[in-house]
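Q: I'd like to learn how to read a pocket and a pair of packed helices. Can you walk me through it?

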Amino acid sequence: KHCIPNPFLPKRVPLMGKAEDAANSRRPGTTLLFVGFLGYIFVRAIDRVFMKRVTNSMQSPTYNLMLWNVIYPMSRQFVQAGFWFTYIWIMRQTGHQGYTWQFLFPGSSAASSKGSVPVFKLGLFSLGDQICNCLGGPAAAFLSQVMLSIMNNTSIIFTLVLSAIFLGTRFSQNHYAGCAMVVLSILVGLSQKLGRNDCSENGIQHGRCLGAYKASDGLFHVLSAEAAVFWYCVFLLSIFPYAAGSVYKQYVLQGRDVEVVYATWWSGCFQILWGVLMVPFLWIKLPGQHLPPGRTFEAFVDAWSCLCGHAPHPGDEACATSPAPLFWFFIYLFFCVSYQVLGLWLTKYLSAVWIMVASVLCLDLTNVLGMMHVFAGKGAQIMSVNDWLATALASVAIWVYSFEPETRALPGAEHDHYDEDNDEAASSASEESDS
């Protein structure tokens with residue numbers, strides 16, 4: 001069994017036909033993969049900061065659920081269309097005549113090196129992402145940027161477990177040690193809040209109150225202990241479907257050599273459906289939310305009004321910002337589409353676990369950008385000593401994790417081993433008959 005110490009180097013895989021040869025020949029070089037890896041970290045860090053800024057402005061769980069379940073999936077597809085038509089034009093200009101105006105249609109032969117791909121398989125790419133948005137979107141308004149980043153690091157633990165079960169990926173002690181350090185980084189970040197839970201004015205300013213969060217008005221607000229624990233648990237729960245989706249993407253992308261742009265387009269189309277199916281989450285009674293089913297359309301109108309910078313009802317003053325939340329939402333969409341394309345591209349040529357490694361590093365950068373008013377607005381918050389220590393520990397955890405590569409059982413490995421055993425047995429039988 002061969003281990004490859006550098007994940008950016010080409011992987012040794014058994015060649016089983018012309019399609020596999022073609023896929024390997026199209027694999028990008030080490031330098032391009034490394035640049036893409038760094039680009040993913042930077043683009044996603046900015047994406048997270050702007051997402052937090054928009055979520056802070058919407059603030060109401062009802063508005064945020066409507067934003068991330070209905071408005072976001074539809075508006076993202078409009079932004080994607082601009083990306084993809086430009087991409088198709090560039091590919092045609094460079095001699096790839098298979099990229100026609102029908103490229104994005106179901107059954108396109110250019111969908112992968114092996115021909116067409118069932119679009120429903122690609123639609124499942126976004127199911128985990130949408131469940132993550134549905135659960136994590138409302139919760140993000142009540143957590144600090146640092147805690148969002150640190151808790152997001154648990155995605156690497158979920159991905160490790162799921163990759164081992166469903167992809168046959170094998171891990172070493174370094175990987176388990178890295179996961180343990182991620183858990184410790186979360187505990188370090190929460191240590192003052194859990195140890196003291198001091199919600200006095202001084203305690204809030206110094207990050208010692210579990211239920212305190214800084215809103216888009218630049219002021220601290222305090223939740224009850226029960227509500228704070230609830231939103232922490234909901235956000236942590238939202239990470240599992242995201243990790244499951246990443247493992248599924250790796251399985252499909254690497255198994256069929258799917259065209260990344262085609263996969264992203266159909267993933268986004270189905271995300272609109274997933275978002276609509278999750279509208280009933282609006283009817284669940286949550287802290288700060290109680291919406292009867294009959295007022296669902298009214299909630300949509302109010303959420304859109306809030307996004308445009310108006311305060312639909314008393315208590316919605318966080319919406320009335322200048323520029324309006326819609327301005328930051330549009331910028332967020334640009335970075336969102338960019339990082340999702342890069343993420344699928346890296347998943348195809350590296351692995352789902354390395355996407356989680358990049359995510360952890362980008363979230364460290366997010367913590368730094370979250371302190372800058374130019375990115376985070378009035379919600380910018382200076383990191384405490386515990387925040388810095390937790391961020392540093394999470395980074396070291398990924399360093400420890402990357403000491404050794406994860407290995408995946410190759411499809412032909414057992415068959416090859418079986419053939420070698422048969423050859424040895426046949427050779428022994430031949431020698432015995434000769435003697």
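A: Sure, and let's begin with residue classes. Ala, Val, Leu, Ile, Met, Phe, Trp, Tyr, Cys and Pro count as nonpolar, Asp, Glu, Lys and Arg as charged, and the others, Gly among them, as polar. Keep in mind that this is a predicted model.

Q: Okay, so what classes of residue make up the lining of the second largest pocket?

A: That lining has 14 nonpolar, three polar and four charged residues. The pocket itself holds about 580 Å³ of space. There are 21 lining residues, and Tyr87, Glu259, Trp345, Lys348 and Tyr349 are the closest to the centre.

Q: Which elements give two or more residues to the lining of this second largest pocket?

A: Those are helix H3 (61-93), helix H11 (260-277) and helix H13 (325-349). H13 gives the most, with five residues.

Q: Now the helices. How do I describe two that pack together?

A: You give the angle between their axes and the distance between the axes. Here, H3 and H13 pack at about 70°, and their axes are 9 Å apart. That angle makes H3 roughly perpendicular to H13, because 65 to 115 degrees counts as roughly perpendicular. The crossing of H3 past H13 is right-handed.

Q: Which residues of H3 and H13 make the contact?

A: On the H3 side they include Leu67, Trp68, Ile71 and Phe83. Among those from H13 are Phe329, Tyr332, Leu333 and Val341. Sorted by class, the contact of H3 with H13 has 14 nonpolar, four polar and one charged residues.

Notes. Residues numbered from 1 in each chain as written. Predicted model: local features only at pLDDT ≥ 70, side-chain atom pairs only at ≥ 80, totals over all residues. Heavy atoms only, no water. 1 Å grid on protein atoms, 1.4 Å probe; cavity = no way out; pocket = protein on both sides within 12 Å on 5 of 7 lines; lining within 4 Å. Points joined across faces, edges and corners; volume = space filled by probe spheres on them. Helix = DSSP H or I, 4+ residues; strand = E, 2+ residues; numbered from the N terminus. Axes fitted to C-alpha atoms, helices over the stretch in contact; angles between N-to-C directions. Parallel < 35°, antiparallel > 145°, perpendicular 65-115°, else oblique. Left-handed = near helix turned anticlockwise from the far one by under 90°. Contact = heavy atoms within 4.5 Å.
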